[in-house]
Amino acid sequence: MSALLPLLAAVLLLLLGEGVWPVAAAVVAAALSGTTLPDLDLPLGLGHRSALLHSVLPVALAASDRRTWPLAAGLGLGIGLHLSADLFPRGMQGYATVKLPLLGSIGAAASYLWIAANAAFALALGAWLLGQVTPPRVAAWTLATVGAMGVAYLLRTDGGWWALALLAGLGWWAMRG
């Protein structure tokens, strides 16, 4: 349930804050929430790696109302980081595979594809939404803050080192022009 406290803080920042910096802080808090939100599938009884939470679905739900786009932006970035680490389990079998409600595991190959596609889409949607809710300079500072938080998260998470290398390589490729 640790994912819910930063999400609550993000909601409060949006409700009580004024100006662009509370919005940016809400994005960061929601991103922190997003790094652990997919694993709420266990206490909710959905089974580990439930397709409902190990996907872009929570981001899409939050993005359904423009007023909650800052929450969606942060959730997209955080869930994208979480799923990036999930791409590198010790073995993509059993516990590590994605499960569809009522149908069970989708298998190893489909799980890799599911996680990769949802990680990429969540990160891209989160970054795009961030650009929609903050001016460019604030978005850059917010993204840098979430990036530093993401590095700290990935360095202590199973699969995180590989995910960090992958994201760094993709970032280098995108920036080389």
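Guide: Strands here are DSSP runs of E of at least two residues, helices are runs of H or I of at least four, and both are numbered from the N terminus. The model is predicted, with residues numbered from 1 along each chain as its sequence is written, and local features need pLDDT of at least 70, while side-chain atom pairs count only at pLDDT 80 or more. Totals for chains, interfaces and linings use all residues, and side-chain values use heavy atoms, leaving out hydrogens and water.

Visitor: OK, so which strand has G104 in it?

Guide: G104 belongs to β2, which covers residues 104–105.

Visitor: And what does G104 touch, sequence neighbours aside?

Guide: Once neighbours within four places in sequence are set aside, G104 is in contact (heavy atoms within 4.5 Å) with V98 and K99. As for V56, its C-alpha lies 19 Å from that of G104, with the two positions 48 residues apart in sequence.

Visitor: How exposed is G104?

Guide: G104 is partly exposed, because its relative accessible area is 26%, and buried would mean under 20% and exposed over 50%, with a 1.4 Å probe and protein chains only.

Visitor: Switching to α4: how many of its residues are buried?

Guide: The helix is mostly covered, with 18 of its 18 residues buried.

Visitor: What span should α4 have?

Guide: Its 18 residues should span 26 Å at 1.5 Å a residue (the multiplier being one less than the number of residues), and the end C-alpha atoms are 25 Å apart, so the two values agree.

Visitor: Which residues touch the most others in the largest nonpolar core?

Guide: A nonpolar core is a set of buried Ala, Val, Leu, Ile, Met, Phe, Trp, Tyr and Cys residues joined through side-chain atoms within 4.5 Å. In the largest, which has 34 residues, A10, L37, V59, L75, I79 and L129 touch the most other members. Two or more residues come from each of α1 (4–16), α2 (20–36), α3 (57–62), α4, α5 and α6, and α4 gives the most, with eight. A second core lies apart from this one and has five residues, among them L81, A85, Y153 and A163.

Visitor: What about A10, what is it in contact with?

Guide: Beyond its neighbours within four places in sequence, A10 is in contact with A26, A29, A30 and L71.

Visitor: Last one, L167: where is it, and what does it touch?

Guide: L167 lies in helix α7, and, not counting residues up to four places away in sequence, L167 touches L81, S84, L123 and L154. The C-alpha atoms of L167 and S84 are 8.2 Å apart, although 83 residues separate them along the chain.

Visitor: Is L167 buried or exposed?

Guide: Neither, because a relative accessible area of 25% makes L167 partly exposed.
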